[in-house]
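Please look over the structure shown here. The report that follows takes up a sheet and its helices, a helix pair, two domains and the chain interfaces.

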Amino acid sequence: MTDLALDKLYGFYEQLWRIRLFEGHVQRLAAKGEVPGFPHLSTGQEAVAVGVCAHLAANDYVFSSHRAHGHVLAKGSDPYATFAEIIGRQDGLCRGRGGSMHLVDAANGVMGATGVVAGNLSLAAGAAWAAQALGDGRIAVVFFGDGATGAGVFHETLNLASLWQLPLLFVCENNGYAEFTSREEHSKVAKVSAFAAPYHLPAETIDGNDVLVVNAAAAAAVRSIRSGAGPRLLECMTYRMAGHYVGDAQRYRSKEELAAMKEKDPIDRLRAHLTQRGEPAAELEAIEKRVASEVQAAVERARQAARPDPATVLDYVYSQPLSTTAEA
Amino acid sequence: MKISFAQGVAMAISESLAADSRLLLIGNGFVGLNMEARALLEPALREFADRILVAPVSELALAGAGIGAAMAGQRAAVDLSTGSFIFQAFAQVVNEAANVHYMSGGQTTAPVTFCSLAGMRSAGAAQHSHRIQAMLGQVPGLQVLVPGGADDAYHMLKWALLQSQNPTVFISHALLLGETGELTPGAPMLPVGKARIRREGRDLSIIASSITVPRALEAAQSLERDHGFSVEVVDLRSIAPLDRDTVLKSVAKTGRAVIADECHRSFGVAAEIAATLAEEGLAYLKAPVCRVAVPDVPVPFSPPLEAELTVTADKIVAGALKVLNAGSTMRRPV
Amino acid sequence: METTFIEIMRQALDEEMTRDASVYLIGEDVAAGGAFGVSRGLVDKHGPLRVRNTPISEAAITGLATGAALCGLRPVLEIMFIDFATLAMDCLVNQSAKYRYMSGGQLSVPMVVRTQAGAAGGAAAQHSQSLESWFIHVPGLVVVAPSSPVEAYGLFKSSLRLDDPVLFIEHKRLYAMKEHLPADAAAIPLGRARVAREGSDVTVIAYSAMVRTALEAAQQLAQEGVSVEVIDLRTLAPLDIETLVRSVTKTRRVVIAHEAVECGGVGAEVAARLGAAAFDELDAPIMRVGCPFAPIPFAPELEQALLPGREQIVRAVRELTS
């Protein structure tokens with residue numbers, strides 16, 4: 001793992017910071033009332049998005065959950081258009097129709113986040129099926145939390161994906177919580193990867209807070225899937241440093257637990273790794289600064305962006321006018 | 001005493017847990033993020049912790065477990081959280097709960113209450129803003145309660161938890177949780193299945209339910225204050241059963257009707273009321289019925305777009321003025 | 001030569017799969033022909049990858065079809081009975097219907113969900129329902145309910161060529177119905193109702209199998225000197241209100257008939273719209289004929305007692321004209 005080229009490591013460092021800072025702005029502006037709705041942050045989980053997306057081509061499919069910001073940015077979507085969507089502007093990825101929970105950037109392979117826990121799993125199987133049928137060499141990746149394993153459709157989709165040998169990577173971000181309920185309280189099955197075995201689906205549980213570990217595991221999984229060997233599951237053990245949503249009082253977990261998990265911050269760990277290798281601190285600071293000003297500029301530009309015109313509210317329901325759809 | 005809608009829900013659950021040891025709770029949300037109500041509910045959740053199941057995100061299974069427990073002689077309340085998530089549990093709610101009594105020729109009953117926090121809640125976007133009452137109102141065997149005030153939230157939920165023998169969907173509205181109302185402890189409840197005249201009037205009937213009740217009342221006030229019209233507001237309270245008689249009686253008196261409904265316009269609750277008026281109340285009508293409802297479009301995320309769709313007091317006033325200023329140009333032979 | 005609904009649907013599927021390589025047929029038992037044999041033999045011609053059985057996983061296979069539609073396929077998904085669509089409700093309502101809107105028009109879901117509805121004798125409460133109005137209440141879905149084999153042929157072709165999700169509802173009682181499919185049969189545009197029989201005294205609005213029942217009622221009433229116009233809605237969403245208003249302007253009396261529960265059904269929306277759009281044209285109250293508010297019972301006598309039919313339509317028309 002340590003033989004990764006330096007520019008690659010710097011790239012990871014930059015991406016981790018981009019997500020962290022981007023979501024920092026979401027949190028800051030949400031507190032000021034500038035973000036409609038209830039955004040969900042992935043703070044602390046960035047290494048999963050970055051390590052997995054490193055192995056995807058722009059036209060590979062990504063399906064995300066309600067905690068989507070990191071996946072979208074790691075897949076390479078424009079921070080400006082992403083932020084504009086999160087605050088509901090016309091320039092947003094979805095022209096203000098979707099918001100934080102429904103980010104879509106189709107041209108970039110981001111096929112959508114869903115606001116329904118487990119709602120994205122079968123859709124990703126469908127995308128993988130399309131890729132298989134069309135033989136276009138793409139694969140699909142679906143990110144979901146451990147909470148989604150409580151839904152029946154998770155098991156239906158594992159079965160189907162295995163049965164049809166779909167080019168699909170299941171990435172479970174096991175952050176220990178299903179919304180406000182701890183893993184221990186919502187399942188007797190400690191490891192999500194254990195669900196894969198009965199369906200004959202190769203799976204492993206890895207440290208999701210170490211981007212190098214995620215990177216290596218994802219590389220192997222993606223290589224295998226692209227070779228036609230069928231679906232795989234990666235369970236990335238991580239921790240949601242933020243609440244379930246911005247504003248969550250988080251009375252269900254202790255300060256000690258939070259402090260302990262802060263020790264495992266994926267950004268700190270990559271920084272320590274780089275420092276250990278002897279990379280100069282100044283270089284890392286320069287990256288942080290550059291990303292900070294880039295994100296800041298995108299956010300400020302998004303805040304100035306126009307709000308959607310209410311007269312257009314009925315646009316995009318159907319692909320073509322159905323003669324009598326609308327009533328005068 | 002003055003209580004909020006959410007407090008009414010919390011009181012109903014607390015008191016019902018104390019009153020009937022058969023009552024099981026599956027999940028423990030029920031009052032959304034309303035902290036006063038949460039504080040009110042928590043002592044009961046602690047006291048009766050052995051009858052409360054902490055639930056995984058498994059709506060379909062949770063609903064089924066509630067139905068099964070109810071069939072086995074318990075009474076169950078299932079917290080299905082955001083209204084839109086009932087679609088995850090649909091097969092159990094509409095195909096099992098609603099049917100078991102009928103399919104078994106009356107041998108079994110399923111006194112289970114599914115609690116949903118539905119409605120356009122401000123930036124909930126397309127997957128957290130559903131109004132589910134129109135779909136559920138079409139399901140024979142289900143009761144669908146849509147209280148529009150704190151008093152009804154308390155009484156109707158308590159009735160569902162303790163007395164009803166049928167499966168019930170109890171629909172709270174996210175934006176109603178903080179609305180306050182007067183509650184007389186111990187006072188009898190207006191029976192479920194009866195609409196409530198929230199305000200009497202002579203010139204126009206506004207038929208409302210859930211969140212549109214306070215908005216209709218606001219509209220009625222402004223119609224009287226600014227335009228001199230006397231407006232009656234009918235609060236449906238439940239979609240199934242639906243109190244057509246009270247609606248017809250009101251319109252027989254006023255001759256004009258506006259239906260304020262947060263469902264999508266097409267095939268919504270308002271459509272059923274308008275159809276009832278066209279069938280049984282046509283002779284009373286001096287002007288076409290007006291539906292003030294949400295256009296047929298998923299709910300968008302961006303606030304100015306959502307605002308364009310919202311059924312506000314202003315839109316109800318505009319609909320009312322249209323109806324009040326219209327007159328039939330014909331003499332109807334019926 | 002006359003052929004059945006099943007055979008004509010099979011022909012439509014076959015032709016569309018031949019025409020468009022992106023059309024895939026999936027569902028429980030579809031390779032074996034499906035529950036009613038509509039897709040029988042198609043696997044031999046189009047191969048096991050394009051006609052593919054799935055596990056009994058309605059939630060997953062509906063998502064599968066939706067995801068594939070987002071990514072370049074044009075799937076035809078069979079949900080064996082519309083009653084089982086309840087298991088796929090989240091996907092249909094929360095995902096398929098809204099994808100285009102939530103993505104601000106970036107994506108669309110060109111998919112047809114074929115499903116069977118209606119009571120056809122002894123299938124009871126969980127295999128006999130008419131649940132169309134749930135789906136009509138969901139913006140983003142198109143709902144089609146053909147009334148005959150030839151109608152199904154043309155409407156299916158349009159449905160499959162549409163870039164939006166279509167729920168295509170086939171009534172089980174129509175499956176054995178035979179018609180001659182004209183050589184020049186073509187796609188029938190969606191969103192337009194059809195005048196199935198012209199008349200001048202009362203308009204009866206129906207769809208799916210109820211159109212045939214309405215035509216029988218019209219014939220009976222003609223012998224009594226009452227001229228009934230029968231309108232076949234064809235598509236329930238979108239609803240063609242213009243054709244209805246045109247008819248009502250002529251007849252000034254309306255009956256809306258369907259097999260679904262009357263409460264909150266298609267008839268409610270049609271009545272509400274006509275009550276506003278044709279208020280001054282109506283000489284009499286609008287009448288709805290639908291199922292009473294009860295599940296479908298098993299025993300044939302009870303099922304018959306519940307289902308609305310020719311008699312109920314005739315009675316409603318008589319009431320309006322007396």
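Domain bounds, as used below, come from an automatic or database domain assignment. The model is predicted.

**Domains of chain B**

For chain B, the assignment gives domain 1 as 2-182 and domain 2 as 196-325. The C-alpha centres of domain 1 and domain 2 of chain B lie 26 Å apart. Contact between them involves 26 residues of domain 1 of chain B and 24 residues of domain 2 of chain B. On the domain 1 side, α6 (133-136), β6 (143-145) and β7 (168-173) of chain B each supply at least two residues. The largest share of that side comes from β6(B), with 3 residues. By class, the domain 1 side of chain B that touches domain 2 has 13 nonpolar, 10 polar and 3 charged residues.

**A helix pair in chain B**

Two packed helices are described by the angle between their axes and the distance between the axes. Helix α1 (residues 5-19) of chain B packs with helix α2 (residues 35-47) of chain B at an angle of about 5°. Their axes are 8 Å apart. Angles under 35 degrees count as roughly parallel. α1(B) and α2(B) are therefore roughly parallel to each other. From α1(B), the contact takes in Ala6(B), Gln7(B), Val9(B), Ala10(B), Met11(B), Ile13(B), Ser14(B) and Leu17(B). They meet Glu36(B), Ala37(B), Leu40(B), Leu41(B) and Ala44(B) in α2(B). The residues of this contact divide into 10 nonpolar, 2 polar and 1 charged.

**The sheet of chain A**

Chain A holds an open sheet of 6 strands with parallel pairing. The strand order is β2-β1-β3-β4-β8-β7 (chain A). β2 (110-113) and β7 (203-207) of chain A are the edge strands, and each pairs on one side only. From one strand to the next, the twist averages 15°.

At one edge, β7(A) runs parallel to β8 (residues 232-237) of chain A, and 5 bridges join the two. Ala203(A) has Leu233(A) in β8(A) as its bridge partner. Helix α8 (residues 211-226) of chain A packs on the sheet and touches β4, β7 and β8 of chain A. The direction of α8(A) makes about 170° with that of β8(A).

Helix α5 (residues 121-134) of chain A lies across β1 (61-64), β2, β3 (140-145) and β4 (168-174) of chain A. α5(A) runs at about 170° to β3(A).

**Chain interfaces**

α5(A) also takes part in the interface with chain C. There, 43 residues of chain A are in contact with 44 residues of chain C. The elements that give two or more residues to the chain A side are β2, α5 and α6 (152-163) of chain A. α5(A) gives the most, with 12 residues.

Chain C also meets chain B: 43 residues of chain C are in contact with 44 residues of chain B. On the chain C side, α4 (89-96), α5 (99-102), α6 (132-136), α10 (266-277) and β14 (287-291) of chain C each supply at least two residues. The largest share, 8 residues, comes from α10(C).

The table gives the two sides by residue class.

| Side | Nonpolar | Polar | Charged |
|---|---|---|---|
| Chain A, touching chain C | 23 residues | 15 residues | 5 residues |
| Chain C, touching chain B | 26 residues | 10 residues | 7 residues |

Notes:
Residues numbered from 1 in each chain as written. Chains lettered and ligands numbered in written order. Predicted model: local features only at pLDDT ≥ 70, side-chain atom pairs only at ≥ 80, totals over all residues. Pairing = 2+ DSSP bridges. Helix = DSSP H or I, 4+ residues; strand = E, 2+ residues; numbered from the N terminus. Axes fitted to C-alpha atoms, helices over the stretch in contact; angles between N-to-C directions. Contact = placed C-beta atoms within 7 Å. Parallel < 35°, antiparallel > 145°, perpendicular 65-115°, else oblique. Nonpolar A, V, L, I, M, F, W, Y, C, P; charged D, E, K, R; others polar.
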